[in-house]
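Reader: I would like a close look at one part of this model, the sheets of chain A and the helices that lie across them. Please take me through that part with care, and then set it within the chain and beside its partner.

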Amino acid sequence: MSAPLLKLEGVHTHIGVYHILHGVDLVVPRGQLTMLLGRNGVGKTTTLRTIMGLWAASQGRITFAGDNITSLNTPSIAQKSIAYVPENMGIFADLTVKENMVLAARHARNQSQMDEQRLEWIFELFPAIQKFWNHSAGKLSGGQKQMLAMSRAMVEPRDLLIVDEPSKGLAPAMVDNMIDAFKRLKDSGVTILLVEQNLHFAQQLGDTVAVMDDGRVVYAGSMQSLTDDEKLQHSLLGLAL
Amino acid sequence: MNFLKDTDVRPLLLVPALGLMAWPLMGASWSTWLTLTVAGLAMGMIIFVMASGLTLVFGLMDVLNFGHGLFIALGAFVATTVLGGMSAWTESADWGANLIAVLMAMAVAMAVAAAVGLAFERFIVRPVYGQHLKQILITMGGMIIGEELIKVMWGPQQIALPMPEALRGAVLWGDAAIEKYRLFAVGVGLVVMAAQLWVLSRTKVGLLIRAGVQDREMVESLGYRIRLLFVGVFVVGSALAGLAGVMWGLYQQSVTPQIGAQVNVLIFIVIIIGGLGSTGGAVIGALLVGLMANYTGYLAPKLALFSNIVLMAAVLLWRPQGVYPVANR
């Protein structure tokens, strides 16, 4: 296994009076796609939000590329070269698709300063982004919004891409499109941490996998070993891949 | 063309619709209607300058600043000092000298209001982020203390704020007499509005403000420090309130320490009509409020403020989140 880019050690998170994460240990190897699986309500989204500093870890340690980021604020964590796509996609509905993209390109003040080659690559992956470039993002369909959320995360090179349920609510054809996009992203060398409920999606993409239950990681290993072991799948996820 | 396709134009029609509805009530008198309409537009533009910063402050950080009127009062009182000290310029027949005096008063008022706004944000607003009840109480308290300090510095009495020579009098258009100052106020308001809309639509900072109003958590997740942006917007909003204070003081031709508190209600009506956090909505809201106040002030003076509350209720029945609700809020 390659060196970890992101590491969580004994991370606890409280939201108000609720104790959600009970000591999460998670390793995301550099250059790989790690799937974070688990039933609803086991703490997957909370784990991602805690990594991003959107909810503070009450205990434990989070390191990224060797730096302790546990107590950093969200902008500082994002500036460490981490892109985050939340479950609700975080689209700015009153802005155009172009404006959403310009905003995500931190180093560009306008479209002319954006990396043209990268933009072409995104247009090739998601033609709808080019088609609706000057349209209001709020008018896009659910699938197109997910494409925009992904495009925003990809508009500048980042070391780590964190995505929460990218296939949620997408039509099957759109899911295949998304799988293709993630494969090409993987090929470009970016490290990816994905929360996913769609097991077909997870199986096709994952290099490594961590399964959560009751606010902690209960299994970590290669996706292949989980795929090959039906009993383990049943015991961890309640169904087979 | 996509812009037009994506823009909801119906709220834009409210302003001319209100004007047209008022026409028969004036006995179809062109001169009365025109005079009141220009007065309403002038008042509306001044209220827009007052309200535009406040609506963004609320949109960006959910901060209910009931102390915004303090910056308006401060601007008006600074103007009495600056214009009083430049009386030779304001009384001169040379319109250039008049203009310099007014611009100087505006610049100093904006600088003072911005500096006080910076301190207000740091010591009064920042400790109560996310706590609406405390925000209302403490910002109101801040305004009361500010008013008392104004009384200490300028005295509790009403102070006259005479208009510079070039802005006195009226322009005759047929039978209608339109005060020069009202045209000047409309002009200043249009310049401020154009500058704001340009910044909001054409610059990255503007993009960040618009995005932050919709989803500040996502803006932070993209790596931007929204707190700094908020402080900047708060300070600029305070400066604009200071500018509006000068304009409002000249409009009234006198100032009292309560001048800001008196317009606070109108400002909140404007930002609620417009949609909290919406600059375009604030323009519509301010023009509606200005026109309604002037039309009702002429037809039934005792109903002037009440009419604006009715207007707000009517708009909210049509659009419960204001004419241009901000997405994701």
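Author: Before the helices are placed against the sheets, one definition is needed: axes are lines fitted to C-alpha atoms, for helices over the stretch in contact, and angles run from 0 to 180 degrees between N-to-C directions. With that in hand, and bearing in mind that this is a predicted model, helix H7 of chain A, residues 172-187, can be described as lying across S3, strand S7 (160-164) and S8 of chain A, with its axis running at about 150 degrees to S8(A).

The strands beneath H7(A) belong to an open sheet of 6 strands in chain A, which follow one another in the order S6-S7-S8-S3-S9-S10 with mixed pairing. Strand S6 (82-85) and strand S10 (216-222) of chain A stand at the edges with a single partner strand each, so one side of each has no neighbour in the sheet. From one strand to the next, the twist averages 15 degrees. Within this sheet, strand S3 (residues 33-38) and strand S8 (residues 191-195) of chain A pair in the parallel sense over 4 bridges, and A:Leu36 stands opposite A:Val195 in S8(A).

One residue helps to tie this region to its surroundings. Leaving aside residues up to four places away in sequence, A:Ile162 touches A:Leu48, A:Ile51, A:Met52, A:Ile82, A:Ala83, A:Tyr84 and A:Leu193. In the largest nonpolar core, which has 186 residues, A:Ile162 is also one of the three that touch the most other members, the others being B:Ile46 and B:Met247. The element that gives the most to this core is helix H3 of chain B (residues 30-61), with 20 residues.

Chain A has a second open sheet to consider, made of 4 strands in the order S2-S1-S4-S5, and here the pairing is antiparallel. Its edge strands, each pairing on one side only, are strand S2 (18-29) and strand S5 (67-68) of chain A. Strand S1 of chain A, residues 4-15, pairs with S2(A) in the antiparallel sense over 9 bridges, and A:His12 has A:His22 in S2(A) as its bridge partner. This sheet, too, has a helix across it: helix H1 of chain A, residues 44-51, lies across S1, S2 and strand S4 (57-64) of chain A, and runs at about 70 degrees to S2(A).

Taken as a whole, chain A holds 10 helices and 10 strands. Its radius of gyration is 18 Å, close to the 18 Å that the globule rule gives for 241 residues, so chain A is as compact as a globular protein of that length. The C-alpha atoms of chain A fill a box of roughly 50 × 40 × 35 Å along the principal axes, and 45% of the 241 residues are buried. Among contacts in chain A between residues at least 6 apart in sequence, 67% join residues at least 24 apart.

As for the partner, chain B has 14 helices and 4 strands, and 51% of its 329 residues count as buried. Where the chains meet, 20 residues of chain B are in contact with 23 residues of chain A. On the side of chain B that touches chain A, the elements giving two or more residues are helix H1 (2-6), helix H9 (204-214) and helix H10 (216-221) of chain B, and H9(B) gives the most, with 6 residues. By class, that side of chain B has 8 nonpolar, 5 polar and 7 charged residues.

Key:
Residues numbered from 1 in each chain as written. Chains lettered and ligands numbered in written order. Predicted model: local features only at pLDDT ≥ 70, side-chain atom pairs only at ≥ 80, totals over all residues. Buried ≥ 20, exposed ≤ 12 C-beta atoms within 10 Å, placed from the backbone. Core = buried A, V, L, I, M, F, W, Y, C linked by C-beta atoms within 7 Å. Contact = placed C-beta atoms within 7 Å. Pairing = 2+ DSSP bridges. Rg over C-alpha atoms; globule rule 2.2 N^0.38 Å. Nonpolar A, V, L, I, M, F, W, Y, C, P; charged D, E, K, R; others polar.
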